[in-house]
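Me: I would like to go through this protein by question and answer, starting from single residues and moving on to the sheet. Please keep the replies short.

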Amino acid sequence: MFTRFIPNNFKKLGRQIVYVPKHKPPEQRDFETLREFINRHQKILVLTGAGISTESGIPDYRSEEVGLYARSNHKPVQYQEFVKYPKVRQRYWARNFVGWPRFSSVEPNGSHLAINRLEKAGKVTAVVTQNVDRLHQKAGSEYVIELHGSGYIVKCLSCPYEIDRTELQEVMMRNNPAMESSFTMIRPDGDVELSKEQVDEFRVPLCPKCDGPLKPNIVFFGDNVPKVRVEQVRSQVASSDAVFVLGTSLTVYSSYRIILQAKEENKEVVLLNIGPTRADNIVDIKVSTKCGEILPKLCNSIDS
Ligand SMILES: [Zn+2]
């Protein structure tokens, strides 16, 4: 079993580009189109996906990945399997434990910072993100709705207990002192190998209140976005006058339906993504380029 793991000095190795798909540089025309869009609106709902975090060194959904972040594993953890099988939870938590130091130290990039600037300029009503990496909050964004939850909170499946993920790392560290060696097993290509024995010996954390299984507060594949959150997003879309979609192919229905609602309500929808998306045919404008190459520059030129 191989778990993709990127060392903290990843950037120094100059390898982060690996995670950004091939793309063409933005043209002046693209830039003007987006600038006019932003200047036309005062209440923009920003919707982001994995494509915005690739430049921070977090791979997107379809890439082979760190294995700690259920939604982007190349063989994603299914909700039902996680709930049903202790073995699945053991493998998940072993990888999650090893991947955490790196995952939690990832920094926001120019795109996250640019969105925060748009927010400060009074242009943004809310940031709805499909990412569980908390990079928008790290960049200073204040009103963030985490559509698929957060890797930073862990909940018990049997009772209301919850714990901060950072705190849980300490608990797992105490229970698995030998596993610490896994942190140093990083190879130059950024991979870490967890042997079957290491996974089998891993002591899975349990709820201290009821001994129930713990699960990160992430919407796994096969599970649904909580109704309250769906409603929260729905009312944010309703009170916005446009939607700006960044770095997502909108493959998952929970994000695609945001676009459907916006179009039903005759709102302008603009998409910025390198590859094709599920909504290419229904949005008003589509620009195919890397977010990081256009957003920071865009923010310097908007009328406030
Ligand atoms: Zn419990």
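Me: Does Glu 268 count as buried, partly exposed or exposed, and what is its relative accessibility?
Reply: The model is a predicted one. The limit for burial is under 20% relative accessible area. Glu 268 falls under that limit and so counts as buried, with a relative accessibility of 16%.

Me: Which residue forms a salt bridge with Glu 268, and how far apart are the closest N and O atoms?
Reply: Glu 268 lies in strand E10, residues 268–272. Its partner lies in helix H1, residues 28–40, so the pair ties together parts that are 228 residues apart in sequence. The partner counts as partly exposed, at 46% relative accessibility. The residue is Arg 40, and the closest N and O atoms are 2.7 Å apart.

Me: How many salt bridges does the structure hold?
Reply: The pair of Arg 40 and Glu 268 is one of them. Asp 200 with Lys 87 also forms a salt bridge, and so does Asp 284 with Lys 263. The total for the structure is 10.

Me: Which residues are linked with Asp 200 in a network of salt bridges?
Reply: Asp 200 forms a salt bridge with Lys 87, with the closest N and O atoms 2.9 Å apart. That pair links distant parts of the chain, as Asp 200 is in helix H7 (residues 196–201) and Lys 87 in helix H3 (residues 86–104), 113 residues apart. Asp 200 counts as partly exposed at 32% relative accessibility. The residues linked with Asp 200 in the network are Lys 87 and Lys 196.

Me: Where do Asp 284 and Lys 263 lie, and how many residues apart are they?
Reply: The two form a salt bridge, with the closest N and O atoms 2.7 Å apart. Asp 284 is in the loop between E10 and E11, and Lys 263 is in helix H9 (residues 253–264); the distance along the chain is 21 residues.

Me: What are the relative accessibilities of Asp 284 and Lys 263?
Reply: Partly exposed covers the range between the buried limit, under 20%, and the exposed limit, over 50%. Lys 263 counts as partly exposed at 23%. Asp 284 also counts as partly exposed, at 41%.

Me: Which backbone oxygen does the side chain of Ser 240 reach?
Reply: Ser 240 lies in the loop between helix H8 (227–238) and strand E9 (242–246). At 4% relative accessibility, Ser 240 counts as buried. Leaving out residues up to four places away in sequence, Ser 240 touches Lys 43, Leu 45, Thr 125 and Lys 267. Its side chain reaches, at 2.7 Å, the backbone oxygen of Gln 236.

Me: What is the order of the strands in the open sheet of 6 strands?
Reply: The pairing in this sheet is parallel. Strand E4 (144–146) and strand E11 (285–287) are the edge strands, each pairing on one side only. From one strand to the next the twist averages 15°. The order is E4-E3-E2-E9-E10-E11.

Me: Which residue in E9 stands opposite Thr 48?
Reply: Strand E2 comprises residues 44–48 and runs parallel to E9, the two being joined by 5 bridges. Opposite Thr 48 in E9 stands Leu 246.

Me: What angle does the direction of helix H4 make with that of E3?
Reply: Helix H4 (residues 110–120) packs on the sheet. The elements touched by H4 are E2, strand E3 (124–129) and E9. With the direction of E3, that of H4 makes an angle of about 150°.

Me: How many residues of E3 are buried?
Reply: E3 is joined to E2 by 5 bridges, the two running parallel, and Val 124 in E3 is the bridge partner of Ile 44. With E4, also parallel, E3 shares 3 bridges, and Val 128 stands opposite Ile 145 there. E3 is mostly covered, and its buried residues number 5 of 6.

Me: What percentage of the residues of the protein count as buried?
Reply: The protein has 10 helices and 11 strands. Its accessible surface comes to about 13,700 Å², and 51% of that belongs to carbon and sulfur atoms. Of the 304 residues, the share that count as buried is 53%.

Methods:
Residues are numbered from 1 along each chain as its sequence is written. This is a predicted model: local features need pLDDT of at least 70, side-chain atom pairs count only at pLDDT 80 or more; totals for chains, interfaces and linings use all residues. Side-chain values use heavy atoms; hydrogens and water are left out. Helices (H or I, at least four residues) and strands (E, at least two) are DSSP runs, numbered from the N terminus. Buried means under 20% relative accessible area, exposed over 50%, partly exposed in between (1.4 Å probe, protein chains only). A polar contact is a pair of N or O atoms within 3.5 Å; within protein, one must be able to donate a hydrogen and the other to accept it, and residues adjacent in sequence count only if both atoms are side-chain atoms. Contact means heavy atoms within 4.5 Å. Accessible areas come from the Shrake-Rupley method with a 1.4 Å probe; for residues, only the protein chains shown count as cover. Two strands pair if DSSP finds at least two bridges between them. Axes are lines fitted to C-alpha atoms, for helices over the stretch in contact, and angles run from 0 to 180 degrees between N-to-C directions. A salt bridge is a side-chain nitrogen of Lys or Arg within 4 Å of a carboxyl oxygen of Asp or Glu.
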